[in-house]
Amino acid sequence: MKTAVSVNIESYSEGERVQQRVDGDLYQKSNHYYLRYEESDPEMSGTMTTIKLEQDRIRLLRNGNVRSELTFVQGQTCRGVYEMPQGTLELHTTTNSLSMELADGLGTVDWSYDLYVAGEKSGSFRLKATIALRQ
């Protein structure tokens, strides 16, 4: 069963904070929660994002004009991909922190990571998603 949710997403990088609010759907399969929403950034128009929330890992999947897959596990480096019409980039994430404070899929997910593109560090990022029932 899908639940209509509102998601407040805060992203931090290089001392800058960007905040966005999106409407999406939350559903449970097995013991994992899935959060799906359409990207609101004009550059990502037509892209659907799915965040799979597992007990100790987060998977971020994007499908649309771009396709990407990133995995976050605290203390680990995980391989990812970013596909676009010009070609595919190999990505790696090293997750520095990851916390989930959820009750029935609602609550806060907060993680920080270093992103590597083709072996070179691209930057350090922190994402915080607050998931609430849509009013």
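**Figure 1. Confidence of the predicted model.** The protein has a mean pLDDT of 93, and 99% of its residues reach 70 or more; pLDDT is the predictor's confidence in each residue, from 0 to 100. Among the elements, strand S9 (residues 106–117) has the highest mean pLDDT, 97, and strand S7 (residues 77–84) the lowest, 94. Helices (H or I, at least four residues) and strands (E, at least two) are DSSP runs, numbered from the N terminus. This is a predicted model, in which local features need pLDDT of at least 70 and side-chain atom pairs count only at pLDDT 80 or more, while totals for chains, interfaces and linings use all residues. Residues are numbered from 1 along each chain as its sequence is written, and side-chain values use heavy atoms, with hydrogens and water left out.

**Figure 2. The largest nonpolar core.** The core has 23 residues, and those with the most contacts inside it are Val7, Leu35, Ile58, Phe72 and Trp111. Strand S9 gives the most to this core, with 4 residues. A nonpolar core is a set of buried Ala, Val, Leu, Ile, Met, Phe, Trp, Tyr and Cys residues joined through side-chain atoms within 4.5 Å. Buried means under 20% relative accessible area, exposed over 50%, and partly exposed in between (1.4 Å probe, protein chains only). In soluble globular proteins, nonpolar side chains tend to be buried together.

**Figure 3. Aromatic pairs.** A search of the whole structure finds 4 aromatic pairs. Rings of Phe, Tyr and Trp (its six-membered ring) pair if their centres lie within 6.5 Å; planes under 30 degrees apart count as stacked, over 60 as edge-to-face and the rest as tilted. The pair of Tyr27 and Tyr34 is stacked, because the ring centres are 5.2 Å apart and the planes are at 10°. Tyr27 and Tyr34 are both buried. The rings of Phe72 and Trp111 have centres 5.5 Å apart and planes at 55°, so this pair is tilted. Phe72, in strand S6 (residues 67–72), and Trp111, in strand S9, are 39 residues apart, and their pair links distant parts of the chain. Both Phe72 and Trp111 are buried. Ring pairs join Phe72, Trp111, Tyr113 and Phe125 into a cluster.

**Figure 4. Surroundings of Phe72.** Not counting neighbours within four places in sequence, Phe72 is in contact (heavy atoms within 4.5 Å) with residues including Asp56, Arg57, Ile58 and Leu60. Trp111 and Tyr113 are also among the contacts of Phe72.

**Figure 5. Lys29, Tyr34 and the loop at Ser30.** Lys29 lies over the face of Tyr34, at 5.8 Å from the ring centre. A charge sits over a ring if NZ of Lys or CZ of Arg is within 6 Å of the ring centre and within 35 degrees of the ring normal. Ser30 is in the loop between strand S2 (16–29) and strand S3 (32–38). Ser30 is not a glycine, yet has a positive phi of about 55°. With a relative accessible area of 67%, Ser30 is exposed.

**Figure 6. The loop at Asp104.** Asp104 is in the loop between S8 and S9. Phi of this residue, which is other than glycine, is positive and near 55°. Asp104 counts as exposed, at 64% relative accessibility.

**Figure 7. The loop at Glu54.** Glu54 is in the loop between strand S4 (48–53) and strand S5 (58–63). Glu54 counts as buried because its relative accessibility is 15%. Leaving aside neighbours within four places in sequence, the contacts of Glu54 are His32, Arg59 and Met100.
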